[in-house]
Amino acid sequence: MANGGYTGKILRVDLTTQEISTIDTSKYEQWGGGNGIGAALFWDLIPDRTLVDGFDPRNIVIMMTSPLSGTMVPYCSARTEVMGLAPQGYPVNWFTRSNFGGRFSPQLKYAGWDGIVVEGESAEPVWLKIENDNVTIESAADLWGLDTWETQETIWRKTTDYTRYGEWLDVGGVPSTNLPAIVVIGPAGENLSSIASLIHEKGSSAGQGGFGGVFGKKKLKAISVIGDGSVKIADPETLWNVRQHIRTEVNWPVKASTPAGRSSSCFACPNACRFVKADNVGNDAMCIESLYATDKVSYGSNDALKIGDLMQKYGVNAADLFWTFMYIHAQMYSGGEYLNSLYDQGILGSGKEIECYPLPGEVEKWGSLEWYDSLVRAISYRQGIGDDLADGVFRAAEKWGRLEEDLANGNLRYPQWGYSFHHTLPTAEWIYGSVFGDRDINEHTYFGMFNEPLASIDAETLVEMTSQKTVPFTGDPLMFNYQWQGADGSNMDLALEEGIYSSHFAKFVAYHRRHTRFFRQSLGYCDFSRLPRYLIATASAGDNWGFSDNAEVEMFNAVTGNDWTTEDCMKVGQRIWNLERALWVLEGRHRDAEVPSEFMFKPPLSTGINCNKILPVKNRDGAWIADANLDGMFLDKDGFEAFKDHYYALEGWDIATGWPTRANLEELGLKDAADALEAADRLGNPS
């Protein structure tokens, strides 16, 4: 067993019986942390693994740290992974994941806990108070109905005089200069919205999945935690040396300031991607919650930030509203936003086929701050059209009888499983990973990974370098060949043999799924802050080599005392991916369902938002180029089916069904999963 990184225990709370107990972490250390431990816990604690309803009281919510949480390991010490059945998923509430940053994860570790498992359903609203080993279930009668910011401030007042922030405080016997770290739901979660978020502080949120609604169903308003412990590091000297290496030799990016104000960051992160403003508008905002733009609200303005603040306060998934409801720049989302397109067609409005109440009926008000305020409130309190939209726009479109038509014509950009449009093609590994998984992967780790290096490293050298790092599929540069069939289909032979439908590209997808499942979602390395150009090859370093994966493994070993290799870590990532695959198959997954929405097969609708289009392509003459002509890429249906054959075969799954086989599962130490699939008559046949 490792001698560092883990506290040794996981908190288990049953809200039905009010029982509080512990789970021994050592049983699960083989899974790394975060998503790996969470998937293994879910498998062990859910007897009926065919359960498909995220709002079922038998569903559990797992919140896991990693062994690196609360340490000085950069870019990962603050992530909290959230897992369970997700009501946002369509047509099935697949077991899925989300996560958030901030300081909740380190405080949980300092309180002596590696994670939290929440089971059952309370009869009355409650919140969970954790002060080191002292864990109590408190009444939330006075918190129910408050927004997320009000709730946190109220809990701070209950636990300490938070007006003295920065001085030494006595928080339930815990001496601290910190306030308790709190994760909370707003009115959207209380009213069981399928797009309700978990909110931590002002702007850290677990948005995708609808876990705020699951908290609401369980009558769990908040979890507050503070501790005065520490995290043991097995080899501090090595950890420090690795940090210094990636900082000095790989030009580790550090933001010193932002135009909007002073910089802010999650716990122990040097890449201060958030900002703090004097007027307090949009504080801690970053990415989509700060970028709403319409003809009434300018891009990144104070009103745009206020829109983001509304969603954080009410606990509504900013991603779902951003990609679906905003008036988006033409290059991002041709055709405009969904509700406006329905209005323009005369389908939605006051007294129309789809009644827009309580939204303003005058289109000239749409997109204003006033309009967004009415939209967020309507969703949060299920008023009028908000009652439909609270279950996600995907299900709203189904209820309105428009789902199939609007997916086909591209008005509704939801590529897979009820999750909205984001980055997809030409970065084909993004859409592939999403279709074979449980949700929009939202993994920027490799998105754009070739953009900066291609400015100074020729394409052939870059793919050769990159292929040396992609354990266990090293030595195949064709893994990164983005050759597609072309608008006229003339390059289909190349796409099938060496491009995005080939067995070579299947290796990249498999590598991507295993790597992110372990390093991103289990160890918690921040996918967004660790920009792709610093991972494998970078023009910023003297020898053009980045710090993945060796530095990541070295820091993991330095903290835990393990002696794992990159191969070991990737094998765990493969094991996590296959255990979750078994869960999805038990929930009803089959090859026939793993198909993107119809618009992904139509030019130019499938091209992603702000997608990097400078990618390596091997031409018919054998030359590698950095091809800037991938805009408008779309999938071919026969090509996609051919790719599925390659990918399933590579993973060891049944090509006809997509189900894991006994041989593949037992080789990964998952005999229990093979037995469960066989008992359900869903075990794949060997090829």
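The dialogue below reads several features of a predicted model.

Q: What is the strand order of the open sheet that holds β2 and β5, and how is it paired?

A: Strands of a sheet pair through backbone hydrogen bonds, either parallel or antiparallel. Here six strands form an open sheet in the order β2-β1-β6-β3-β4-β5, and the pairing is mixed. At the edges stand β2 (19-24) and β5 (95-100); each has a single partner strand, so one side of each is left without a neighbour in the sheet. From one strand to the next the twist averages 20 degrees.

Q: How many bridges join β4 to β5, and do the strands run parallel or antiparallel?

A: Strand β4 (residues 80-85) is joined to β5 by six bridges, and the two run antiparallel. Two residues of β4 give the register: E81 has N99 of β5 as its bridge partner, and V82 has S98 of β5.

Q: Which residues of β5 lie on each side, and are they buried or exposed?

A: In a regular strand the side chains alternate between the two faces of the sheet. In β5, F95, R97 and N99 lie on one side and T96, S98 and F100 on the other, and all are buried. The count for this edge strand is therefore six buried residues of six, with β5 standing at the edge of the sheet.

Q: What is the order of the sheet that contains β11 and β12?

A: This open sheet also has mixed pairing, and its six strands follow the order β8-β7-β14-β11-β12-β13. Its edge strands, β8 (134-139) and β13 (204-206), each pair on one side only. Ignoring direction, neighbouring strands are turned by 20 degrees against each other on average. Within the sheet, β11 (residues 181-184) and β12 (residues 198-200) pair in the antiparallel sense over two bridges, and V183 stands opposite H200 in β12. Helix α3 (residues 148-159) packs on the sheet, where it touches β7 (126-131), β11, β12 and β14 (220-226). The direction of α3 makes about 140 degrees with that of β11.

Q: How many residues are in the largest nonpolar core, and which have the most contacts inside it?

A: In soluble globular proteins, nonpolar side chains tend to be buried together. The largest core here has 140 residues, and those with the most contacts inside it are L41, F104, L128, I130, I223, Y432 and Y647. Helix α19 (residues 566-586) supplies the largest share, 11 residues. A second, separate core has 43 residues, including A304, M311, A319 and A390. Returning to Y647, its contacts beyond four places in sequence are F436, A506, V509, A510, R513, W577 and W653.

Q: Which residues of α20 are buried?

A: Helix α20 (residues 637-651) has 15 residues and spans 21 Å from its first C-alpha to its last, close to the 21 Å expected. Its buried residues are G639, F640, F643, K644, Y647, Y648 and E651. Seen down the axis of α20, they fall within an arc of 165 degrees, so they line one face of the helix. Among the elements covering them are α14 (428-436), α16 (492-497), α17 (503-520), α19 and α21 (662-667).

Q: Where is P596 found, and why does P596 count as buried or exposed?

A: P596 is in the loop between α19 and β19 (615-618). P596 counts as buried because its relative accessibility is 4%, where the cut-off is under 20%. Beyond four places in sequence, P596 touches P415, V435, F601, L635 and F640; F640 is also one of the buried residues of α20.

Notes. Residues numbered from 1 in each chain as written. Predicted model: local features only at pLDDT ≥ 70, side-chain atom pairs only at ≥ 80, totals over all residues. Heavy atoms only, no water. Pairing = 2+ DSSP bridges. Helix = DSSP H or I, 4+ residues; strand = E, 2+ residues; numbered from the N terminus. Axes fitted to C-alpha atoms, helices over the stretch in contact; angles between N-to-C directions. Buried < 20%, exposed > 50% of the residue type's maximum accessible area, 1.4 Å probe, protein only. Core = buried A, V, L, I, M, F, W, Y, C linked by side-chain atoms within 4.5 Å. Contact = heavy atoms within 4.5 Å. Expected span 1.5 Å × (residues − 1). Arc of directions from axis to C-beta.
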